[in-house]
Amino acid sequence: MTEQQWPLWEVFIRSKQGLDHKHAGSIHAADAAMAIENARDVYTRRMEGVSIWVVESKYIHASNPDEASSLYDPANDKIYRHPTFYDLPDELKHM
Amino acid sequence: MDRNSHINYILQLADNALVLGHRNSEWTGHGPILEQDIALSNIALDLIGQARYLYQYAAKLAAGEVTEDTLAYGRDAWDFRNCLLVEQTNGDWGKTILRQFLFSAWQYFFYEQLQQSRDSELAAIAEKAYKEVVYHLRWSSEWVIRLGDGTTESHQRMEKALELLWKFTGEFFVPAGYEKEGIGIAVDPAVIRPLWEDKVNEVLAEAGLRANPETWMQTGGKEGRHTEELGYLLAEMQFLQRAYPGCEW
(Lines give C-alpha, C1' and ligand atoms only; values in the text may rest on other atoms or scores of the structure.)
Protein backbone atom coordinates (compact mmCIF):
# COMPACT_ATOMS: atom_id res chain seq x y z
CA MET A 1 0.00 0.00 0.00
CA THR A 2 1.17 3.48 -0.73
CA GLU A 3 1.30 5.90 2.15
CA GLN A 4 -1.13 8.29 0.55
CA GLN A 5 -3.83 9.05 3.13
CA TRP A 6 -7.50 9.74 2.52
CA PRO A 7 -8.58 13.18 3.71
CA LEU A 8 -9.69 13.68 7.28
CA TRP A 9 -13.35 14.35 8.11
CA GLU A 10 -14.96 15.66 11.30
CA VAL A 11 -18.00 13.73 12.45
CA PHE A 12 -21.05 15.21 14.20
CA ILE A 13 -23.67 12.92 15.69
CA ARG A 14 -27.18 13.71 16.85
CA SER A 15 -27.89 11.32 19.66
CA LYS A 16 -31.67 11.88 19.82
CA GLN A 17 -34.36 13.70 17.87
CA GLY A 18 -34.56 17.28 19.14
CA LEU A 19 -30.96 17.47 20.31
CA ASP A 20 -28.06 19.14 18.52
CA HIS A 21 -25.41 17.39 16.50
CA LYS A 22 -22.30 17.12 18.67
CA HIS A 23 -18.74 16.61 17.58
CA ALA A 24 -17.92 12.91 17.97
CA GLY A 25 -14.45 12.64 16.47
CA SER A 26 -12.80 12.28 13.11
CA ILE A 27 -12.31 9.61 10.45
CA HIS A 28 -10.55 9.13 7.12
CA ALA A 29 -12.55 8.69 3.92
CA ALA A 30 -12.17 9.18 0.17
CA ASP A 31 -15.39 11.19 -0.22
CA ALA A 32 -18.52 12.31 1.61
CA ALA A 33 -20.51 9.13 0.98
CA MET A 34 -17.73 6.98 2.38
CA ALA A 35 -17.26 9.41 5.27
CA ILE A 36 -20.88 8.94 6.37
CA GLU A 37 -20.59 5.16 6.14
CA ASN A 38 -17.32 5.16 8.06
CA ALA A 39 -18.78 7.46 10.69
CA ARG A 40 -21.73 5.10 11.04
CA ASP A 41 -19.42 2.15 11.51
CA VAL A 42 -17.01 3.85 13.90
CA TYR A 43 -19.24 6.13 15.99
CA THR A 44 -22.75 4.62 16.10
CA ARG A 45 -21.99 0.99 16.96
CA ARG A 46 -23.52 1.33 20.42
CA MET A 47 -26.68 3.15 19.40
CA GLU A 48 -25.12 6.57 19.89
CA GLY A 49 -26.97 8.32 17.11
CA VAL A 50 -29.93 8.96 14.86
CA SER A 51 -28.27 11.36 12.43
CA ILE A 52 -24.76 12.03 11.14
CA TRP A 53 -23.09 15.11 9.68
CA VAL A 54 -19.61 15.04 8.21
CA VAL A 55 -17.44 17.88 7.03
CA GLU A 56 -13.95 17.73 5.65
CA SER A 57 -11.59 18.88 8.38
CA LYS A 58 -9.88 21.42 6.14
CA TYR A 59 -13.12 23.42 6.01
CA ILE A 60 -13.19 23.90 9.77
CA HIS A 61 -11.69 27.23 10.77
CA ALA A 62 -10.72 27.64 14.39
CA SER A 63 -10.16 30.62 16.64
CA ASN A 64 -6.60 31.26 17.69
CA PRO A 65 -5.84 30.00 21.22
CA ASP A 66 -3.32 32.87 21.69
CA GLU A 67 -6.20 35.34 21.53
CA ALA A 68 -8.23 33.56 24.18
CA SER A 69 -7.79 36.29 26.79
CA SER A 70 -9.07 39.06 24.54
CA LEU A 71 -11.84 36.94 23.01
CA TYR A 72 -13.36 35.27 26.06
CA ASP A 73 -12.24 36.89 29.29
CA PRO A 74 -14.25 40.10 28.83
CA ALA A 75 -17.49 38.07 29.13
CA ASN A 76 -16.48 37.02 32.64
CA ASP A 77 -18.10 39.83 34.60
CA LYS A 78 -21.19 40.40 32.41
CA ILE A 79 -23.54 38.44 34.62
CA TYR A 80 -26.56 40.34 33.22
CA ARG A 81 -26.12 38.43 29.93
CA HIS A 82 -27.20 35.16 31.56
CA PRO A 83 -30.92 34.41 31.65
CA THR A 84 -30.60 33.14 35.22
CA PHE A 85 -33.38 35.32 36.61
CA TYR A 86 -36.20 33.26 35.13
CA ASP A 87 -37.89 30.33 36.86
CA LEU A 88 -38.14 27.43 34.42
CA PRO A 89 -40.83 24.77 34.78
CA ASP A 90 -39.45 21.29 35.58
CA GLU A 91 -40.91 19.82 32.38
CA LEU A 92 -38.48 21.87 30.27
CA LYS A 93 -35.54 19.70 29.38
CA HIS A 94 -32.26 20.47 27.61
CA MET A 95 -32.10 24.18 28.44
CA MET B 1 -41.31 -30.60 5.73
CA ASP B 2 -40.05 -33.43 7.93
CA ARG B 3 -38.03 -32.57 11.01
CA ASN B 4 -34.65 -33.52 9.55
CA SER B 5 -35.14 -31.41 6.44
CA HIS B 6 -36.36 -28.56 8.58
CA ILE B 7 -33.23 -28.72 10.75
CA ASN B 8 -30.97 -29.01 7.70
CA TYR B 9 -32.65 -26.02 6.16
CA ILE B 10 -31.99 -23.91 9.25
CA LEU B 11 -28.43 -25.23 9.52
CA GLN B 12 -27.74 -24.23 5.93
CA LEU B 13 -28.66 -20.63 6.77
CA ALA B 14 -26.74 -20.69 10.03
CA ASP B 15 -23.62 -22.21 8.44
CA ASN B 16 -23.64 -19.56 5.69
CA ALA B 17 -23.70 -16.82 8.28
CA LEU B 18 -21.13 -18.39 10.61
CA VAL B 19 -18.60 -19.26 7.92
CA LEU B 20 -18.72 -15.86 6.24
CA GLY B 21 -18.73 -14.16 9.65
CA HIS B 22 -15.59 -16.08 10.54
CA ARG B 23 -13.92 -15.26 7.23
CA ASN B 24 -14.65 -11.56 7.74
CA SER B 25 -13.37 -11.69 11.31
CA GLU B 26 -10.01 -12.84 9.94
CA TRP B 27 -9.63 -9.23 8.74
CA THR B 28 -9.98 -7.81 12.24
CA GLY B 29 -6.74 -5.99 12.98
CA HIS B 30 -5.61 -6.38 9.35
CA GLY B 31 -8.04 -4.08 7.49
CA PRO B 32 -6.56 -1.70 4.92
CA ILE B 33 -7.58 1.27 7.06
CA LEU B 34 -8.98 1.51 10.58
CA GLU B 35 -12.46 2.60 9.47
CA GLN B 36 -12.86 -0.36 7.10
CA ASP B 37 -11.38 -2.75 9.63
CA ILE B 38 -14.22 -1.74 11.96
CA ALA B 39 -16.82 -1.86 9.17
CA LEU B 40 -15.96 -5.42 8.21
CA SER B 41 -15.72 -6.49 11.86
CA ASN B 42 -19.21 -5.06 12.40
CA ILE B 43 -20.50 -7.13 9.50
CA ALA B 44 -18.72 -10.20 10.90
CA LEU B 45 -20.51 -9.67 14.22
CA ASP B 46 -23.88 -9.19 12.51
CA LEU B 47 -23.43 -12.49 10.66
CA ILE B 48 -22.28 -14.41 13.72
CA GLY B 49 -25.30 -12.97 15.57
CA GLN B 50 -27.60 -14.29 12.84
CA ALA B 51 -25.87 -17.66 13.02
CA ARG B 52 -26.46 -17.83 16.77
CA TYR B 53 -30.22 -17.27 16.48
CA LEU B 54 -30.43 -19.93 13.79
CA TYR B 55 -28.28 -22.47 15.65
CA GLN B 56 -30.31 -21.93 18.81
CA TYR B 57 -33.48 -22.61 16.87
CA ALA B 58 -32.00 -25.70 15.18
CA ALA B 59 -30.79 -26.98 18.56
CA LYS B 60 -34.28 -26.53 20.01
CA LEU B 61 -35.76 -28.61 17.18
CA ALA B 62 -33.04 -31.26 17.43
CA ALA B 63 -33.47 -31.49 21.23
CA GLY B 64 -31.30 -33.83 23.32
CA GLU B 65 -27.67 -32.87 23.90
CA VAL B 66 -27.48 -30.55 20.91
CA THR B 67 -26.65 -26.90 21.61
CA GLU B 68 -25.66 -23.94 19.46
CA ASP B 69 -22.06 -24.63 20.45
CA THR B 70 -22.06 -28.31 19.48
CA LEU B 71 -23.53 -27.32 16.12
CA ALA B 72 -20.92 -24.62 15.48
CA TYR B 73 -17.88 -26.34 16.97
CA GLY B 74 -18.67 -30.04 16.99
CA ARG B 75 -19.48 -30.84 13.36
CA ASP B 76 -17.01 -31.72 10.62
CA ALA B 77 -16.85 -30.23 7.13
CA TRP B 78 -19.26 -32.73 5.52
CA ASP B 79 -21.94 -31.79 8.07
CA PHE B 80 -21.71 -28.12 7.15
CA ARG B 81 -24.39 -27.01 4.69
CA ASN B 82 -23.05 -23.58 3.73
CA CYS B 83 -22.70 -22.64 0.09
CA LEU B 84 -19.20 -22.76 -1.40
CA LEU B 85 -18.96 -19.01 -1.93
CA VAL B 86 -18.73 -18.08 1.74
CA GLU B 87 -15.90 -20.48 2.58
CA GLN B 88 -13.56 -19.10 -0.11
CA THR B 89 -10.42 -17.47 1.29
CA ASN B 90 -10.26 -13.72 1.82
CA GLY B 91 -7.59 -13.04 -0.80
CA ASP B 92 -7.15 -9.29 -1.26
CA TRP B 93 -9.61 -6.61 -0.20
CA GLY B 94 -11.29 -6.77 -3.63
CA LYS B 95 -12.05 -10.48 -3.36
CA THR B 96 -13.39 -10.07 0.18
CA ILE B 97 -15.60 -7.18 -0.95
CA LEU B 98 -16.93 -9.03 -3.96
CA ARG B 99 -17.65 -12.18 -1.93
CA GLN B 100 -19.58 -10.04 0.55
CA PHE B 101 -21.49 -8.27 -2.20
CA LEU B 102 -22.54 -11.45 -4.04
CA PHE B 103 -23.64 -13.03 -0.77
CA SER B 104 -25.34 -9.95 0.70
CA ALA B 105 -27.33 -9.49 -2.50
CA TRP B 106 -28.56 -13.06 -2.12
CA GLN B 107 -29.26 -12.68 1.61
CA TYR B 108 -31.11 -9.44 0.97
CA PHE B 109 -33.74 -10.99 -1.31
CA PHE B 110 -33.73 -14.24 0.61
CA TYR B 111 -34.55 -12.67 3.99
CA GLU B 112 -37.08 -10.41 2.33
CA GLN B 113 -38.96 -13.54 1.24
CA LEU B 114 -38.30 -15.54 4.40
CA GLN B 115 -40.22 -12.95 6.42
CA GLN B 116 -43.35 -14.46 4.81
CA SER B 117 -42.47 -17.97 5.99
CA ARG B 118 -45.15 -20.00 7.78
CA ASP B 119 -42.44 -20.85 10.31
CA SER B 120 -42.94 -17.83 12.57
CA GLU B 121 -39.57 -18.23 14.30
CA LEU B 122 -37.69 -18.19 10.99
CA ALA B 123 -39.79 -15.22 9.87
CA ALA B 124 -38.83 -13.32 13.03
CA ILE B 125 -35.12 -14.07 12.60
CA ALA B 126 -35.38 -12.97 8.97
CA GLU B 127 -37.03 -9.69 9.94
CA LYS B 128 -34.22 -8.82 12.33
CA ALA B 129 -31.43 -9.95 10.02
CA TYR B 130 -32.90 -8.16 7.01
CA LYS B 131 -32.19 -4.73 8.51
CA GLU B 132 -28.54 -5.65 8.96
CA VAL B 133 -28.26 -7.04 5.46
CA VAL B 134 -29.69 -3.88 3.90
CA TYR B 135 -26.60 -2.12 5.20
CA HIS B 136 -24.20 -4.93 4.20
CA LEU B 137 -25.51 -4.74 0.67
CA ARG B 138 -25.26 -0.97 0.53
CA TRP B 139 -21.73 -0.98 1.94
CA SER B 140 -20.43 -3.76 -0.32
CA SER B 141 -22.14 -2.31 -3.43
CA GLU B 142 -20.43 1.03 -2.84
CA TRP B 143 -17.09 -0.73 -2.60
CA VAL B 144 -17.59 -2.90 -5.68
CA ILE B 145 -18.35 0.25 -7.70
CA ARG B 146 -15.47 2.17 -6.15
CA LEU B 147 -12.94 -0.55 -6.89
CA GLY B 148 -14.31 -1.69 -10.25
CA ASP B 149 -14.52 1.89 -11.47
CA GLY B 150 -11.35 2.99 -9.66
CA THR B 151 -7.73 2.72 -10.76
CA THR B 152 -6.37 0.32 -13.38
CA GLU B 153 -5.02 -1.87 -10.60
CA SER B 154 -8.23 -1.94 -8.57
CA HIS B 155 -10.21 -2.76 -11.73
CA GLN B 156 -7.89 -5.63 -12.60
CA ARG B 157 -8.12 -7.01 -9.09
CA MET B 158 -11.91 -6.92 -9.22
CA GLU B 159 -11.92 -8.71 -12.58
CA LYS B 160 -9.70 -11.38 -11.09
CA ALA B 161 -11.98 -11.67 -8.03
CA LEU B 162 -15.02 -12.02 -10.27
CA GLU B 163 -13.31 -14.79 -12.21
CA LEU B 164 -12.50 -16.59 -8.94
CA LEU B 165 -15.91 -16.23 -7.31
CA TRP B 166 -18.55 -16.16 -10.03
CA LYS B 167 -18.55 -19.95 -10.42
CA PHE B 168 -19.83 -20.30 -6.85
CA THR B 169 -22.94 -18.14 -7.33
CA GLY B 170 -25.02 -20.66 -9.29
CA GLU B 171 -25.37 -22.77 -6.17
CA PHE B 172 -27.68 -20.22 -4.52
CA PHE B 173 -30.42 -21.23 -6.94
CA VAL B 174 -29.98 -24.99 -7.10
CA PRO B 175 -32.17 -26.31 -4.28
CA ALA B 176 -30.77 -29.10 -2.11
CA GLY B 177 -33.01 -32.05 -1.30
CA TYR B 178 -34.12 -30.59 2.02
CA GLU B 179 -35.01 -27.26 0.35
CA LYS B 180 -37.36 -28.82 -2.17
CA GLU B 181 -39.61 -30.18 0.56
CA GLY B 182 -40.07 -26.91 2.30
CA ILE B 183 -43.07 -25.37 0.55
CA GLY B 184 -44.53 -22.65 2.77
CA ILE B 185 -41.55 -22.64 5.10
CA ALA B 186 -38.60 -22.40 2.70
CA VAL B 187 -37.99 -19.67 0.13
CA ASP B 188 -38.35 -20.74 -3.49
CA PRO B 189 -34.92 -20.03 -5.09
CA ALA B 190 -36.63 -19.48 -8.45
CA VAL B 191 -38.38 -16.42 -7.00
CA ILE B 192 -35.21 -14.65 -5.89
CA ARG B 193 -33.03 -15.60 -8.84
CA PRO B 194 -34.21 -12.81 -11.22
CA LEU B 195 -34.15 -10.26 -8.39
CA TRP B 196 -30.58 -11.21 -7.48
CA GLU B 197 -29.45 -11.18 -11.12
CA ASP B 198 -30.93 -7.71 -11.71
CA LYS B 199 -29.31 -6.23 -8.63
CA VAL B 200 -25.91 -7.85 -9.23
CA ASN B 201 -25.85 -6.93 -12.92
CA GLU B 202 -26.83 -3.35 -12.12
CA VAL B 203 -23.97 -2.90 -9.64
CA LEU B 204 -21.42 -4.76 -11.78
CA ALA B 205 -22.38 -2.61 -14.78
CA GLU B 206 -21.88 0.55 -12.75
CA ALA B 207 -18.51 -0.82 -11.66
CA GLY B 208 -17.53 -1.51 -15.26
CA LEU B 209 -17.35 -5.26 -14.59
CA ARG B 210 -18.93 -8.16 -16.41
CA ALA B 211 -19.27 -11.77 -15.34
CA ASN B 212 -18.63 -14.42 -17.95
CA PRO B 213 -22.05 -15.93 -18.77
CA GLU B 214 -20.35 -19.14 -19.95
CA THR B 215 -18.99 -19.88 -16.46
CA TRP B 216 -19.53 -23.44 -15.31
CA MET B 217 -21.21 -23.37 -11.92
CA GLN B 218 -19.79 -25.46 -9.10
CA THR B 219 -22.24 -26.84 -6.52
CA GLY B 220 -22.20 -29.24 -3.58
CA GLY B 221 -21.76 -27.10 -0.47
CA LYS B 222 -25.40 -27.30 0.56
CA GLU B 223 -25.13 -31.11 0.49
CA GLY B 224 -21.85 -31.14 2.44
CA ARG B 225 -19.39 -31.46 -0.47
CA HIS B 226 -17.01 -28.56 0.13
CA THR B 227 -13.87 -27.05 -1.33
CA GLU B 228 -10.71 -27.73 0.67
CA GLU B 229 -10.82 -24.20 2.14
CA LEU B 230 -13.55 -25.11 4.65
CA GLY B 231 -11.39 -27.72 6.43
CA TYR B 232 -8.70 -25.17 7.25
CA LEU B 233 -11.27 -22.65 8.40
CA LEU B 234 -12.91 -25.17 10.75
CA ALA B 235 -9.54 -26.34 12.07
CA GLU B 236 -8.81 -22.84 13.27
CA MET B 237 -12.34 -21.89 14.34
CA GLN B 238 -13.03 -25.10 16.23
CA PHE B 239 -9.59 -25.68 17.72
CA LEU B 240 -10.37 -24.50 21.24
CA GLN B 241 -13.58 -26.52 21.66
CA ARG B 242 -11.92 -29.58 20.14
CA ALA B 243 -8.85 -29.39 22.38
CA TYR B 244 -10.78 -28.33 25.50
CA PRO B 245 -14.35 -29.62 25.05
CA GLY B 246 -16.96 -27.52 26.84
CA CYS B 247 -14.36 -24.91 27.79
CA GLU B 248 -15.80 -21.53 28.83
CA TRP B 249 -14.33 -18.19 29.76
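Modeller: A salt bridge here is a side-chain nitrogen of Lys or Arg within 4 Å of a carboxyl oxygen of Asp or Glu. The model is a predicted one.

Colleague: OK, how many salt bridges over all chains by this rule?

Modeller: The count is 14 over all chains.

Colleague: Take B:Arg157. Which residue does it form a salt bridge with at 3.2 Å?

Modeller: That is B:Asp92, with the closest N and O atoms 3.2 Å apart. B:Arg157 lies in helix 7 (residues 152-165) of chain B, and B:Asp92 lies in the loop between helix 4 (84-87) and helix 5 of that chain, so the pair ties together parts that are 65 residues apart in sequence.

Colleague: And what does B:Arg157 meet at 2.9 Å?

Modeller: The side chain of B:Glu153, in another salt bridge, 2.9 Å from N to O. Both residues lie in helix 7 of chain B, 4 residues apart, which is about one turn of the helix.

Colleague: Where does B:Arg157 stand on accessibility, buried or exposed?

Modeller: In between: B:Arg157 has a relative accessible area of 40%, so it counts as partly exposed. Its two partners fall in that class as well, B:Asp92 at 24% and B:Glu153 at 47%.

Colleague: Switching to chain A. What does A:Glu56 pair with?

Modeller: A:Lys58, through a salt bridge of 3.7 Å, N to O.

Colleague: Which of those two is buried, and which exposed?

Modeller: A:Glu56 is buried, because its relative accessible area of 16% is under the 20% cut-off. A:Lys58 is exposed, because its 55% is over the 50% cut-off.

Colleague: Which residues are linked with A:Asp31 in a network?

Modeller: B:Glu142 and B:Arg146; the three are linked in a network of salt bridges. The network therefore has members from chain A and from chain B.

Colleague: New topic, empty space. How many cavities of 30 Å³ or more?

Modeller: The count comes to 1. The largest cavity has a volume of about 30 Å³.

Colleague: What lines the largest cavity?

Modeller: B:Leu13, B:Asn16, B:Phe103, B:Trp106, B:Gln107, B:Phe110 and B:Tyr111. The elements that give two or more residues to this lining are helix 1 (3-25) and helix 5 (93-114) of chain B.

Colleague: Which helix gives the most?

Modeller: Helix 5 of chain B, with 5 residues.

Colleague: How many charged residues are in that lining?

Modeller: None. By class, the lining of the largest cavity has 5 nonpolar and 2 polar residues.

Methods: Residues numbered from 1 in each chain as written. Chains lettered and ligands numbered in written order. Predicted model: local features only at pLDDT ≥ 70, side-chain atom pairs only at ≥ 80, totals over all residues. Heavy atoms only, no water. 1 Å grid on protein atoms, 1.4 Å probe; cavity = no way out; pocket = protein on both sides within 12 Å on 5 of 7 lines; lining within 4 Å. Points joined across faces, edges and corners; volume = space filled by probe spheres on them. Nonpolar A, V, L, I, M, F, W, Y, C, P; charged D, E, K, R; others polar. Buried < 20%, exposed > 50% of the residue type's maximum accessible area, 1.4 Å probe, protein only.
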